[in-house]
Amino acid sequence: MSDLTINKISAGVLCGALLIMGGIKTADILLPHQDLAENAYPIEVPEVAASASSAPAAPQKAEPILAMLASADIAKGEKLAKKCTACHGFDAGGAAKVGPNLYDLINAPQGRDGGYSYSAALAGLGGEWSYGQLNGFLHKPKAWLSGTKMNFAGLKKPQDRANLIAWMRTLSASPAALPTAEEIAAEENS
Ligand code: HEC
C-alpha cells in the first residue's frame with residue numbers, strides 16, 4: 001500500500017468521525033435533552049402512614065351536650081321533631097309507626113315498646129335512654145348502633161340535639177331531672 005493510499009484512508013476515517021460528532025451535536029441542538037419534571041409514570045404511594053400519625057381519627061363520637069340542656073331552645077326542639085314524625089309518634093299512649101312511640105323516653109328502658117318489633121341490635125342494648133345515650137344515637141344512629149333499622153342520617157349539630165332532647169324531656173308527666181354539675185363535668189363524648 002502506498003503512503004498516499006494510507007493518507008486517503010486516514011483522511012476518510014477522520015472525516016467520518018467528524019461527521020458523526022457533528023451529527024450528534026446537531027441532534028442535541030434540535031432535540032435538546034430535558035430532565036423530566038416528574039416521573040413519566042408517577043408511582044402512587046399511599047399516604048396512610050403519614051395521615052395516621054399526624055391527623056387524629058375523624059371524630060365519630062357525638063360532642064357533649066349535657067351542659068346545653070338547661071338553656072336549650074325547647075320550641076326549636078319541637079320544630080326539629082318534624083324530622084322524626086314520619087316514623088315516630090310522641091303522644092302519650094300513641095301507637096308505633098315505622099318506629100316505636102317516643103313519649104316519656106328519657107331514662108326509659110331501651111327497646112321498651114312490647115308491641116314493636118325492634119332490630120336485634122336495639123333489643124340487645126338493655127340499658128336506658130339517658131341523655132348521653134340519646135346524644136350518641138341521634139348524632140349518627142347507624143354508626144352508634146351498628147345494625148339498627150332506624151334509617152335516619154342523624155343530627156350533626158350539638159345544639160340541635162340539645163334542643164330536641166330538651167323538648168323530648170318535657171313529654172312526660174314527671175320530666176326527668178336535668179343533669180347535675182357532676183354529671184356534666186363527667187360527660188364524655190358518646
Ligand atoms: C325513617 C324513619 C325514622 C326516622 C326519620 C327516625 N326514626 Fe327513630 N327509629 C326508627 C326505627 C325503625 C326505630 C327502631 C330501630 C331498631 O329497632 O333498630 C327507631 C328507634 C328510635 C329510638 C329507640 C326507641 C326505643 O324504644 O328504644 C329512638 C330514641 C329514636 N328512634 C329517636 C328518633 C328521633 C328523635 C328522630 C328524629 C330526630 C328519629 N328517631 C327519626 C325510625 C326512624
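Six donor atoms surround the iron atom of the ligand, and the angles they subtend run from 88 to 178°, which makes the arrangement octahedral. For reference, ideal angles for six octahedral donors are 90 or 180 degrees. This is a predicted model, so please read every value here as computed from it.

Which residues coordinate the iron atom? His88 does so through NE2 and Met150 through SD, at 1.9 to 2.1 Å. The pair links distant parts of the chain, 62 residues apart. His88 sits in the loop between α3 (74-80) and α4 (120-123), while Met150 belongs to the loop between α6 (141-144) and α7 (158-170). Are these two residues buried or exposed? Both His88 and Met150 are buried.

Let's turn to helix α5, which covers residues 131-139. Seven of its nine residues are buried, so α5 is largely enclosed by the rest of the structure. Those buried residues are Tyr131, Leu134, Asn135, Gly136, Phe137, Leu138 and His139. What covers them includes α4, α6 and α7.

One of these residues, Phe137, also takes part in an aromatic cluster, where ring pairs link it with Trp129 and Trp144. Across the whole structure, a search finds five aromatic pairs. Among them is the pair formed by Tyr116 and Tyr118, which is edge-to-face, with 4.9 Å centre to centre and 75° between the planes.

The structure holds one salt bridge. Its partners are Arg161 and Glu63, whose closest N and O atoms are 3.0 Å apart. Arg161 lies in helix α7 and Glu63 in the loop between α2 (48-54) and α3, so the salt bridge ties together parts that are 98 residues apart in sequence. How accessible are the two partners? Arg161 is buried, with a relative accessible area of 0%, whereas Glu63 is partly exposed at 34%.

How many disulfides does the structure hold? The count is zero. As for individual cysteines, Cys84 is buried and Cys87 is partly exposed.

Here are the accessibility values for the residues discussed above.

| Residue | Relative accessible area | Class |
|---|---|---|
| Arg161 | 0% | buried |
| Glu63 | 34% | partly exposed |
| Cys84 | 13% | buried |
| Cys87 | 31% | partly exposed |
| Tyr116 | 15% | buried |
| Tyr118 | 18% | buried |

The cut-off explains the last two rows: buried means under 20% relative accessible area, so Tyr116 at 15% counts as buried, and Tyr118 at 18% is buried too.

Terms used. Residues are numbered from 1 along each chain as its sequence is written. This is a predicted model: local features need pLDDT of at least 70, side-chain atom pairs count only at pLDDT 80 or more; totals for chains, interfaces and linings use all residues. Side-chain values use heavy atoms; hydrogens and water are left out. Donors are N, O and S atoms within 2.8 Å of the metal (3.2 Å for Na, K and Ca); water is not among the atoms, so sites may look incomplete. Four donors count as tetrahedral if all angles lie between 85 and 135 degrees; four count as square planar and six as octahedral if opposite donors are over 155 degrees apart and all others between 65 and 115; anything else is irregular. Helices (H or I, at least four residues) and strands (E, at least two) are DSSP runs, numbered from the N terminus. Buried means under 20% relative accessible area, exposed over 50%, partly exposed in between (1.4 Å probe, protein chains only). Contact means heavy atoms within 4.5 Å. A salt bridge is a side-chain nitrogen of Lys or Arg within 4 Å of a carboxyl oxygen of Asp or Glu. A disulfide is a pair of cysteine sulfur atoms within 2.5 Å. Rings of Phe, Tyr and Trp (its six-membered ring) pair if their centres lie within 6.5 Å; planes under 30 degrees apart count as stacked, over 60 as edge-to-face and the rest as tilted.
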